[in-house]
Amino acid sequence: MSLGRWTRRAGEVLLRNPWWEYRRDDVTLPSGSRGEYHFVHTPGSVMVIPEHEDGRIVLVRQYRYLNDRESVEFPAGGVKEGQGREQAARAELREEAGLEAAELQEIGQFNPFNGVTDELCSVYLARGLRACAAAPDETEEFEILTLRSEEFPAMVKDGRIWDGMTLATWSLLRSMREQK
């Protein structure tokens, strides 16, 4: 059975900032009814799992304004205009974790909130790590955490890791490793 598709009739940008656009589309539903759909458009994002040769992984702790609490996450950020996804991943790894990678392997993609945004997040596994100078944006402050993979589930359980994108990224990594 094939599900009915919506048809975009027209659209407009209601608000634009350096990170995303808030858009409204006029649509025709499979029933023939017309409606509108509001969503956030972005050029995409990246998330990086930095992994040392001994298997330890690197995460960053940062403050998240909307929930007014600290969050432990993999280094991540938006793809900027004119920037490729791998280039964005390398930039975020450098800016947030103070690391460069000899090898980046894309392990998957996901949409962080498919009813609200068209964003696709590309996930990279970074290996061959070496330290470099971190260069966070003015709005960012990070504490670098290095842990063994087996510590990750306990941090989810006790609430230290609660970011949905980090949880989805962890799931992609686990799936990749289970297929081997």
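Here is a friendly exchange about salt bridges, a surface patch and two residues in this predicted model.

Colleague: Happy to look at this with you! How many salt bridges does the count come to?

Modeller: Glad to help. A pair qualifies when a side-chain nitrogen of Lys or Arg is within 4 Å of a carboxyl oxygen of Asp or Glu. By this rule, the number of salt bridges is 17.

Colleague: Let's take Lys-80 and Glu-92. Which parts of the chain does the pair tie together?

Modeller: The side chains of Lys-80 and Glu-92 meet in a salt bridge, with N to O at 3.7 Å. The two residues are 12 apart in sequence, so their pairing ties together the loop between strand E7 (76-78) and helix H1 (85-97), where Lys-80 lies, and the home of Glu-92, helix H1.

Colleague: Is Glu-92 buried or exposed?

Modeller: Buried means under 20% relative accessible area. Its partner Lys-80 has 41% relative accessibility and counts as partly exposed. Glu-92 has a relative accessible area of 4%, so Glu-92 is buried.

Colleague: Nice. Which residue forms a salt bridge with Glu-103, and how far apart are the closest N and O atoms?

Modeller: Glu-103 pairs with Arg-127, and their closest N and O atoms are 4.0 Å apart. The pair links distant parts of the chain, with Glu-103 in strand E8 (residues 99-110) and Arg-127 in strand E9 (residues 121-131), 24 residues apart. Glu-103 is partly exposed, at a relative accessible area of 39%, and Arg-127 is partly exposed as well, at 23%. To come back to what you asked, the partner is Arg-127 and the separation is 4.0 Å.

Colleague: What about Glu-151: which side chain does it meet in a salt bridge?

Modeller: Glu-151 counts as partly exposed, at 31% relative accessibility. The partner is partly exposed too, with a value of 45%. The N to O distance is 3.6 Å, and the partner is Arg-148.

Colleague: And which residues do salt bridges with shared partners join into one network?

Modeller: Glu-103 and Arg-127, the pair discussed above, form a salt bridge. Shared partners bring in further residues, and the network consists of Glu-51, Glu-103, Arg-127 and Arg-177.

Colleague: On to Asp-163. Which side chain of opposite charge is nearest to it, and how far away?

Modeller: Asp-163 sits in the loop between helix H2 (152-157) and helix H3 (164-178). The residue is buried yet has no salt bridge. A salt bridge would need a nitrogen within 4 Å, whereas the nearest side chain of opposite charge is Arg-64, at 5.7 Å.

Colleague: Then which side chain does a polar contact join to Asp-163?

Modeller: Leaving aside residues up to four places away in sequence, Asp-163 touches Met-47, Ser-71, Val-72 and Glu-73. The polar contact between side chains has a length of 2.7 Å, and the partner is Thr-166.

Colleague: Now Ile-144. How far is its C-alpha atom from that of Glu-96?

Modeller: Ile-144 lies in strand E10 (residues 143-147) and is partly exposed, with a relative accessible area of 40%. Apart from residues up to four places away in sequence, Ile-144 touches Val-58, Leu-59, Val-60, Glu-96 and Ala-97. Ile-144 and Glu-96 are 48 residues apart along the chain, and their C-alpha atoms are separated by 8.3 Å.

Colleague: One last thing: which residues form the nonpolar patch on the surface?

Modeller: One member is Leu-14, placed in strand E1 (residues 7-16). Leu-14 counts as partly exposed, at 37% relative accessibility. The patch has about 430 Å² of accessible area together, and its residues are Leu-14, Leu-15, Trp-19 and Trp-20.

Notes: Residues are numbered from 1 along each chain as its sequence is written. This is a predicted model: local features need pLDDT of at least 70, side-chain atom pairs count only at pLDDT 80 or more; totals for chains, interfaces and linings use all residues. Side-chain values use heavy atoms; hydrogens and water are left out. Patches are made of residues with over 30% relative accessible area and no salt bridge: like charges are joined within 9 Å, nonpolar side chains (Val, Leu, Ile, Met, Phe, Trp, Tyr) within 5 Å. Accessible areas come from the Shrake-Rupley method with a 1.4 Å probe; for residues, only the protein chains shown count as cover. Helices (H or I, at least four residues) and strands (E, at least two) are DSSP runs, numbered from the N terminus. Buried means under 20% relative accessible area, exposed over 50%, partly exposed in between (1.4 Å probe, protein chains only). Lys and Arg count as positive and Asp and Glu as negative; His and the chain ends are not counted. A polar contact is a pair of N or O atoms within 3.5 Å; within protein, one must be able to donate a hydrogen and the other to accept it, and residues adjacent in sequence count only if both atoms are side-chain atoms. Contact means heavy atoms within 4.5 Å.
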